[in-house]
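Here's a quick look at one chain fold, strand by strand and patch by patch. Have the structure open while you read.

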Amino acid sequence: MQVPIRSGAAALTLEVEEFGAPNKGAILLIMGLGTQLIAWPMDFCRRLAVAGYRVIRYDNRDVGLSSKFESGGMPDARTALLRSLLHLPIKAPYRLEDMAQDAVGLMDALKIDRAHVVGASLGGMIGQLLASRHAARVATLTTIMSSPGAPPPWDSTPAARQVLMARPPENATAEDLIRMRMHTYRVIAGPGQTFPESTLHEMAKLSVERSADSQGSRRQMLAALATGSLKADLRRIHVPTLIIHGKNDPLIPPRRSEQLHRGIAGSKLLLLDGMGHNLPQSLIPQIAAAIIDNCARA
């Protein structure tokens, strides 16, 4: 469903899906860079809902079926990355704090006072900002395969870096885009994971059918680079925090979650074998159970 929200001074619309009932509160799922709400597996959402929670997943601004910020243009991500490495200012149409304000605006629209926040990758960075700067709205925090700010490019393997920076060719067909996304899924899953081609094709096809646009992901990348380090925010996070990371993540190495663990007092760290920069089906029961346990700490 489309939910109009106020985010600071801006008005926009977010695409939202809900599951379950609010017997134990609401869980807000925030996905990562350029990734749509459908990346939260249905089995994962159902497990949280069956545990008694109102589960909400949504498309971030500039991705999927939520409001696009075309006025921000097509950013030059490579130039922005270079400026970031040189500690030069980066002009961006919005920053991660604006995306955190989107989450607050969504909670206001859905009449949720406090939520258990679960963020993956870039969504974990947004979750950190929520827990540090909007603490009254956050009951617990879970970050998955995330980092205290945009990690430097050398953190990623060459293959993962290449798919992250890849642009679709001009006049790309839907099938071209599907193949690109299938390749991305394979690469960021890391070593040791295999997927039936039919499963990968179905995932990529659904993603392209919902939204073939890829410019928004570059503006989101610019938002992360312009925001910079979040290490200072970690000291202001005092809610029960669970930090999950795959040991085989080729995009953001697990040492970035170890930094989060050291920076957030009282946090718990769960490093998982057989997990890359994704949510493997075989680990969904363990990940969901760990999040439910963390929610119970509120």
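How many of the five residues of strand 4 (residues 54-58) are buried?

## Strand 4 under cover

Five of the five, so strand 4 counts as mostly covered, given that buried means under 20% relative accessible area. Keep in mind that this is a predicted model.

The cover comes on both faces. Arg54, Ile56 and Tyr58 sit on one side of strand 4, Val55 and Arg57 on the other, and all of them are buried.

## Who pairs with strand 4

Strand 4 has a partner in strand 2 (residues 10-19), and the two run antiparallel, with four bridges between them. For one contact to look up, take Glu17: its bridge partner in strand 4 is Arg57.

Strand 3 (residues 26-30) pairs with strand 4 as well, this time in the parallel sense and over five bridges. Here Ile27 has Val55 as its bridge partner in strand 4.

As for the connection, strand 3, helix 1 (residues 42-50) and strand 4 together make a β-α-β unit, and that unit is right-handed.

## A greasy spot on the surface

Now for the outside. Leu82, Leu86 and Leu88 form a nonpolar surface patch, and together they offer about 290 Å² of accessible area.

Leu88 belongs to the loop between helix 2 (77-85) and helix 3 (96-109). Why can Leu88 be part of the patch? Its relative accessible area is 39%, which makes it partly exposed, and patch residues need over 30%.

Definitions and conventions:
Residues are numbered from 1 along each chain as its sequence is written. This is a predicted model: local features need pLDDT of at least 70, side-chain atom pairs count only at pLDDT 80 or more; totals for chains, interfaces and linings use all residues. Side-chain values use heavy atoms; hydrogens and water are left out. Patches are made of residues with over 30% relative accessible area and no salt bridge: like charges are joined within 9 Å, nonpolar side chains (Val, Leu, Ile, Met, Phe, Trp, Tyr) within 5 Å. Accessible areas come from the Shrake-Rupley method with a 1.4 Å probe; for residues, only the protein chains shown count as cover. A salt bridge is a side-chain nitrogen of Lys or Arg within 4 Å of a carboxyl oxygen of Asp or Glu. Buried means under 20% relative accessible area, exposed over 50%, partly exposed in between (1.4 Å probe, protein chains only). Two strands pair if DSSP finds at least two bridges between them. A crossover is right-handed if, with the strands pointing away from the viewer, the path from the first strand over the helix to the second runs clockwise.
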